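This briefing introduces a structure to a reader who has not met it before. The points that follow are grouped by topic and may be read alongside the sequence and the model.

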Amino acid sequence: MSGQNEGMTLDHSLLARALGTELADQGVPEPIAELFARVPRHRCLSHVYWTDDRARHDWVADPDEWLRTAYTDQPLTTQRDDGADGGMGIATSSSSAPSVMARMLAAADLHPGHDVLEVGTGTGYNAGLLTELLGPDQVTSIEVDEILAATARANLAGAGYLPTILAGDGEDPPVAAASFDRLIATCTVAAVPWRWLDVVRPGGRIVTPWSPSPGAPGGVLAALDTGSGRACGRFEGSLAFMWARGQRWPNQPAPDPTARVEHAEHTSGDPREPWLDGEMAVLLSLLVPDWSFGMGMEPGTEEPHVWVSSAPCSSWLRLHADGRVESGGPRPLWEQFTNAIEWWQAQGAPPITEFGLTVDRDRALQTVWLHSPDSAVWTTPRSPA
Ligand SMILES: C[S@@+](CC[C@H](N)C(=O)[O-])C[C@H]1O[C@@H](n2cnc3c(N)ncnc32)[C@H](O)[C@@H]1O
C-alpha cells in the first residue's frame with residue numbers, strides 16, 4: 001500500500017525497530033535482524049489482510065490495529081483463492097512470518113555482491129529486505145500472479161526499493177543461465193525445477209521449502225549447494241509454505257470408504273499418533289517415500305481417522321483412535337512405516353536437520369539421505385520432468 005500513513009497515530013519505524021529487536025532476541029543474526037528494523041513491512045501490505053486465526057485486519061476500519069499487527073512476527077495472508085471472489089478462502093499469497101523469512105535469509109548465506117533470484121515475490125517485502133542488504137542491481141524477484149507482481153513493484157518503488165520484479169513462472173524463470181549466486185523460493189516444491197540448477201551458478205545455493213509430495217505432511221527448508229547438474233544439502237528444520245502454483249495438491253482422493261479391507265490388525269496404542277505430531281509426521285515423510293495423507297470421519301465414531309494413500313499405486317491405510325489399523329492394496333504401508341520408525345529409533349532418533357536432499361538432473365533422481373549424501377534413506381524418480 002503505497003505512501004499510506006493517513007489515519008495512523010502510531011509510528012511505524014518504532015514498530016519496525018521493535019520487530020528487529022524481537023528477532024535478534026530470538027537468535028537471528030544481527031545483520032539480518034536489522035533489515036527487519038529498516039524495511040517498512042506495512043508499505044508492502046494490502047488494505048486488508050488475514051492472520052492465521054482467520055481474523056480480518058482492515059486498514060480502513062482500524063489503521064492503528066492494522067499497522068501494529070503488520071509488525072508482529074506472524075504470517076499475513078494478503079490474497080485468497082488466487083484473487084477470485086466467492087472461493088473457500090484458501091491462502092494463495094502472504095507476507096510470511098518475519099522469523100521464517102529470517103531463517104531463510106540466514107540459510108542463504110548472503111554476501112555483498114551476490115546476485116539473488118527470489119521465486120514468489122508475493123507482497124515484495126522479502127525483495128525489499130534483499131534489496132536493503134544487497135542493493136537493487138543484485139536482486140530479481142519473480143511472481144506468477146501478474147497483479148501481485150505489479151503491486152509489489154509499485155509498493156517497493158514507493159518505499160524507495162527498486163529491485164527487478166518479473167511477472168512469470170518462477171519454475172521456469174526467463175533469466176540467463178548461471179546468472180545468480182543464490183535462489184530463494186518462498187513457495188514449496190516437491191520437484192526442484194531443473195531450470196533452477198541452470199540459473200544458479202555452480203558453487204551457489206538454492207534455498208527452498210521442500211516436501212516430498214503435495215499430500216505429505218508439512219515441509220522442510222532445504223539449503224542445497226549447486227554443482228554441475230546437481231544440488232545437494234541439508235534440511236534446516238521443518239516449515240510450512242504455500243505450494244508453487246504448478247505443483248499444488250493434485251486432489252489425490254482419500255481412499256474409497258467402501259474399499260474392501262484386505263488386512264486388519266489392532267495396536268495397543270493410538271496408531272495415528274506419529275501423523276498427529278507435526279514434527280514426527282514430517283520425519284515420516286523423510287523416512288518413507290511416495291505417500292499422501294489426510295483425516296476422515298466415519299459414521300458412528302467421534303474421533304477422526306488418519307488415512308494414508310500410496311502415490312504410485314492404489315494401496316491405502318486407515319488408522320483409528322481405538323487402535324484399528326486397516327489396509328488394502330499390494331504395498332505393505334503399515335509395515336513400511338513401523339519398520340522405518342524402528343530403524344530411525346535405532347539410529348538414535350536423529351532430528352530433521354540430520355537429513356538432507358540430493359537432486360540429480362542427469363539421472364532424474366532425488367535422494368533423501370541421513371547424515372551424509374552417500375547414506376541414502378530413499379531415492380525416487382524426480383517428477384514431473
Ligand atoms: C508465501 S508467498 C511469498 C511471500 C513473499 N516472498 C513476500 O515477501 O511477501 C508465495 C508466493 O509465491 C507465488 N508463487 C507460487 N508459485 C509461483 C511460481 N511458480 N512462480 C512465481 N511465483 C509463484 C504465489 O503467487 C505467492 O505470491
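Tryptophan 307 stands opposite arginine 318, a residue of β15. This is a predicted model, and its protein chain contains 10 helices and 19 strands. The briefing begins with the sheet to which β15 belongs, and then turns to a second sheet, the ligand surroundings, selected loop residues and the chain as a whole.

**The five-stranded sheet**

- Strand β14, residues 305-310, is joined to strand β15, residues 316-319, by four bridges, and the two strands run antiparallel.
- These strands belong to an open sheet of five strands with antiparallel pairing, in the order β12-β16-β15-β14-β13.
- At the edges of this sheet are β12 (263-266) and β13 (291-296), each of which pairs on one side only.
- From one strand to the next, the twist of this five-stranded sheet averages 15 degrees.
- Helix α10, formed by residues 333-346, packs on the sheet and touches β13, β14, β15 and β16 (324-328). The direction of α10 makes about 125 degrees with that of β16.

**The ten-stranded sheet**

- An open sheet of 10 strands has mixed pairing and follows the order β7-β6-β5-β8-β9-β10-β11-β17-β18-β19.
- The edge positions are held by β7 (164-167) and β19; each has a single partner strand, so one side of each is left without a neighbour in the sheet.
- The twist in this sheet averages 20 degrees from one strand to the next.
- Within the sheet, β5 pairs with strand β8 (residues 180-185) in the parallel sense, over four bridges. Valine 116 stands opposite arginine 182, which is in β8.
- Strand β18 (residues 365-370) and strand β19 (residues 376-381) run antiparallel and are joined by five bridges. Glutamine 366 has threonine 380 in β19 as its bridge partner.
- Five residues lie between the strands in the hairpin of β18 and β19, where histidine 371 takes a positive phi near 70 degrees.
- Helix α6 (residues 146-158) lies across β6 and β7, and runs at about 165 degrees to β7.

**The surroundings of the ligand**

- There are 26 residues around the ligand, and those that come nearest are Ser93, Gly120, Gly122, Asn126 and Gly170.
- At least two residues of the shell come from each of β4 (91-95), α5 (125-134) and β6 (139-143).
- Strand β4 gives the most to the shell, with three residues.
- Sorted by class, the shell comprises nine nonpolar, 12 polar and five charged residues.

**Loop residues of note**

- Most residues other than glycine have a negative phi. The two aspartates described next have positive values.
- Aspartate 109 has a phi near 50 degrees and lies in the loop between α4 (98-108) and β5 (116-119). Aspartate 109 counts as partly exposed because 13 C-beta neighbours lie inside 10 Å.
- Aspartate 290 has a phi near 60 degrees and is found in the loop between α9 (278-287) and β13. With 18 C-beta neighbours inside 10 Å, aspartate 290 is therefore classed as partly exposed.
- Alanine 321 is located in the loop between β15 and β16. Its surroundings include 16 other C-beta atoms within 10 Å, so alanine 321 is partly exposed.
- When residues up to four places away in sequence are not counted, alanine 321 touches Asp270, Arg272 and Glu303.
- Alanine 321 and tyrosine 125 are 196 residues apart along the chain, and their C-alpha atoms are separated by 43 Å.

**The chain as a whole**

- For 385 residues, a compact globule would have a radius of gyration near 21 Å; the protein chain has 22 Å, and therefore agrees with that expectation.
- The C-alpha trace of the protein chain spans about 65 × 50 × 40 Å along its principal axes.
- Of the 385 residues in the protein chain, 44% count as buried.
- Among contacts between residues at least 6 apart in sequence, 56% join residues at least 24 apart.

Methods: Residues numbered from 1 in each chain as written. Predicted model: local features only at pLDDT ≥ 70, side-chain atom pairs only at ≥ 80, totals over all residues. Near = placed C-beta within 6 Å. Nonpolar A, V, L, I, M, F, W, Y, C, P; charged D, E, K, R; others polar. Pairing = 2+ DSSP bridges. Axes fitted to C-alpha atoms, helices over the stretch in contact; angles between N-to-C directions. Contact = placed C-beta atoms within 7 Å. Rg over C-alpha atoms; globule rule 2.2 N^0.38 Å. Buried ≥ 20, exposed ≤ 12 C-beta atoms within 10 Å, placed from the backbone.
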